[in-house]
Amino acid sequence: MHPVPAPEQPGELIARLRAASRTGRPRSLEWRTEQLTRLRSLLQEHTDALAEALFADLHKSRSEAHAAEIGFTVREIDHLLENLEEWLRPQPAAVPGCPAGSTAYVQYDPLGVVLVIAPWNYPVQLLLVPVAGALAAGNTVVAKPSEVAPACSALLARLIPQYLSRDAVAVVEGGVAETTALLAQRFDHIFYTGNGTVGRIVMRAAAEHLTPVTLELGGKSPVFVDRGTNLADTATRLARAKFANAGQTCVAPDYVLTDPDTARGLVAEIARSVRRMFGSEPELARGYGRIVNLHHFDRVVRLLGSGRIVLGGRHDRENRYIAPTVLADVAAESPVMREEIFGPVLPIVEVPGVDQAISFINDRDKPLAVYGFTAREEVPRRLAEETTSGGLVLGMPMAQVLDPGLPFGGVGESGTGSYRGAHSLAAFSHLKPVLDVPMRPTGPVG
Ligand code: NAD
C-alpha cells in the first residue's frame, strides 16, 4: 500500500509556485495562452457539472449559470486570448528628457505568485475571472474558493488540477483558518472579493509583506429614478437586476431614491415585472434563487421590518426562500438602510428630486455602483460629476459587467483597484520602463 502523501503546507506550496515563476516560463505568451485555453476547456467540458453545483449551492437556473458564471467566464477568457499578444507588445516611449540617443519602452512584468480569494455569490465567475487575469499576466496562482458555496468549491478543487499545470495554479479549499494560514505567507499580489470587514483583514496581512492588493468589495448601490422616466421599462430592468440570484449580487441595485408620485407608479410596475419574470408564485419558479444559508436568511428577514411591505414579503426558512419584496415608507436611518441588503428586498426612499438624491448618496459610503433612470439631459452629467462610485450606469443596472472592455472595481468602502480584460493585465503586472542610455551620448548629458 502506498502511504497517503501529507497535504502540502502553504509555505511549501507557495515555494513551489514561486520556483515555477522564477523559471521564466510563465512569462512566455505560449505558456499564458496554453493555461487560458485549458481553463476554457475546463468550463466547456464540465458545463453540466458546474451548473449542477451552482444549483446545489444557490438554486441558480441553468440560464443564469451560463449567463453569469460559465459562459461569462468563457467570454472573458476569449477576450484575453484575442488581445493578449497585442497588449503585451512593449510600448515604445519617447524620452526627450534623457541624454540624446536614449531609447525606451514600457513592458508589463509579471508579479510572481498571486493569491485569489473568492466569495460564494458567483462562485465560479469570481474565482476564475481573476485567475484568468493573473495567468494572462504571466503569474502563478493560489486560488481559494469560498467555503460558503461548498459544491462549487469541491468541484473546482477537483477539476482545476486536471486541466492546469500544478506549477500554474494550486487550489486551497477552506474557511477562515485556511485563509488565515495563506495570508501569513508572502504573495506578490492578493486579489480579494468579498465584504469589507474581511477586506480589512486581508489588507492588514498584506501590509506585513508590502504586498499590493485589489479589494473587490460591496456596499449599497443606489438607483435614482427621475420623474418622467418610462416606468414600465425602468421597472423591468430594475427588477431583473435586483432579483437575479435572489439579490445576492455585489452590483445589485440596493435601494431606490425617487419622488413620492414616481414611487407609487414604480411599485405597480415592479409588481408586474416580477409576475412576468417569476409568475405569481416565485417559489415555484426554477429561475428564482435561494438565500445561500440560514445566517444570511435570518439577517435579510430581519430587514423586512424596516418599511411597509408593498410587494412580496413571504419567506420560508426551511427552503431559504424570500419572495421578491419591495418596501415603501422607508426611513433613511432604518436598519435596511444601514447595511448592504444582499437579498431580494428593495427599499424605496422618497426624496423630492435629483438634488436631494445626490446629497443622500454623498452623505454615505462611496458605493460600488450608482444607477440612474432619467429622461432629462442634464441628470446623467450631474450624477457623473457630482457623485463618486465604482461605476455609473444609466438605463440598465448591472450592464457594466457585460463587457470585458470596461474596468470593474470599487472606490473607498466599495474597494480598491479594478480588473477585467486589459485592466486585469494591468492589475496583475508591474508596468516597467526599460531605458537604454548610450555610453557616448550624442548630445548634452542631463
Ligand atoms: P464569503 O463569506 O465567501 O467571504 C469571502 C472570502 O473571504 C471567502 O473565500 C472566505 O473564506 C474568506 N474569509 C471569510 N472570513 C475570513 C477571515 N476572517 N479571514 C480571512 N478570510 C476570510 O463572502 P462574503 O464576504 O459574504 O461576500 C459577500 C460580500 O462580497 C458582499 O459585501 C458583496 O457585495 C461583496 N462582493 C463584491 C464583489 C465585487 O466584485 N466587488 C463581488 C461579489 C461580492
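Buried means under 20% relative accessible area, exposed means over 50%, and partly exposed is anything in between. Keep those cut-offs in mind as you click through this predicted model.

**Stop 1: two cysteines**

Select Cys 98 to begin. Its relative accessibility is 26%, so Cys 98 counts as partly exposed. Now move to Cys 250: with 18% relative accessibility, Cys 250 falls on the buried side of the cut-off. Is Cys 250 in a disulfide or in no disulfide? Cys 250 is in none, and the nearest cysteine sulfur, which belongs to Cys 152, sits 16 Å away. A disulfide is a covalent bond between the sulfur atoms of two cysteines. If you go looking for such bonds here, the count is 0.

**Stop 2: Val 124 and its neighbours**

Next, select Val 124, in the loop between β3 (113–117) and α5 (125–136). Val 124 has a relative accessible area of 0%, so it is buried. What does Val 124 touch, leaving aside residues up to four places away in sequence? Show the side chains of Leu 43, Leu 50, Leu 54, Glu 69, Cys 152 and Leu 156, and you have its contacts. You met Cys 152 a moment ago, as the owner of the sulfur nearest to that of Cys 250. For a distance to try in your viewer, pick the C-alpha atoms of Val 124 and Val 171: they are 13 Å apart, while the two residues are separated by 47 places along the chain.

**Stop 3: helix α5**

From Val 124, carry on into α5, the helix of residues 125–136. α5 holds 12 residues and spans 16 Å from its first C-alpha to its last, close to the 16 Å expected at 1.5 Å a residue. How many residues of α5 are buried? The count is 12 of the 12, so this helix is largely enclosed by the rest of the structure. Colour them to see this for yourself; among them are Gln 125, Pro 130, Gly 133 and Ala 136. After the helix comes Gly 138, which has a positive phi, near 85°.

**Stop 4: strand β15 and its partners**

Now select residues 369–373, which form strand β15. Here 5 of the 5 residues are buried, so β15 too is largely enclosed by the rest of the structure. In a regular strand the side chains alternate between the two faces of the sheet. In β15, Ala 369, Tyr 371 and Phe 373 are on one side, Val 370 and Gly 372 are on the other, and all are buried.

Add strand β8 (residues 222–225), which pairs with β15 in the parallel sense over 3 bridges. Look for Val 225 opposite Phe 373. Then add strand β16 (residues 391–394), which runs parallel to β15 and is joined to it by 4 bridges. On this side, Ala 369 stands opposite Gly 391. Follow the chain from β15 through helix α13 (residues 378–386) to β16, and you trace a right-handed β-α-β crossover.

**Stop 5: two loop residues with positive phi**

Go to Leu 210, in the loop between α8 (196–208) and β7 (213–216). Leu 210 is not a glycine, yet its phi is positive, near 55°. At 77% relative accessibility, Leu 210 counts as exposed.

Compare Arg 320, in the loop between β11 (315–316) and β12 (321–322). Arg 320 is not a glycine either, and its phi is positive at about 50°. With 24% relative accessibility, Arg 320 counts as partly exposed.

**Last stop: the wider view**

Finally, select residues 15–433, which an unreviewed UniProt entry lists as "domain: Aldehyde dehydrogenase". This span is 42% helix and 18% strand, and its end C-alpha atoms lie 28 Å apart.

Conventions: Residues numbered from 1 in each chain as written. Predicted model: local features only at pLDDT ≥ 70, side-chain atom pairs only at ≥ 80, totals over all residues. Heavy atoms only, no water. Buried < 20%, exposed > 50% of the residue type's maximum accessible area, 1.4 Å probe, protein only. Contact = heavy atoms within 4.5 Å. Expected span 1.5 Å × (residues − 1). Disulfide = S-S within 2.5 Å. Pairing = 2+ DSSP bridges. Right-handed = clockwise from strand over helix to strand, strands pointing away. UniProt positions renumbered as here; feature names shortened; annotations may be inferred.
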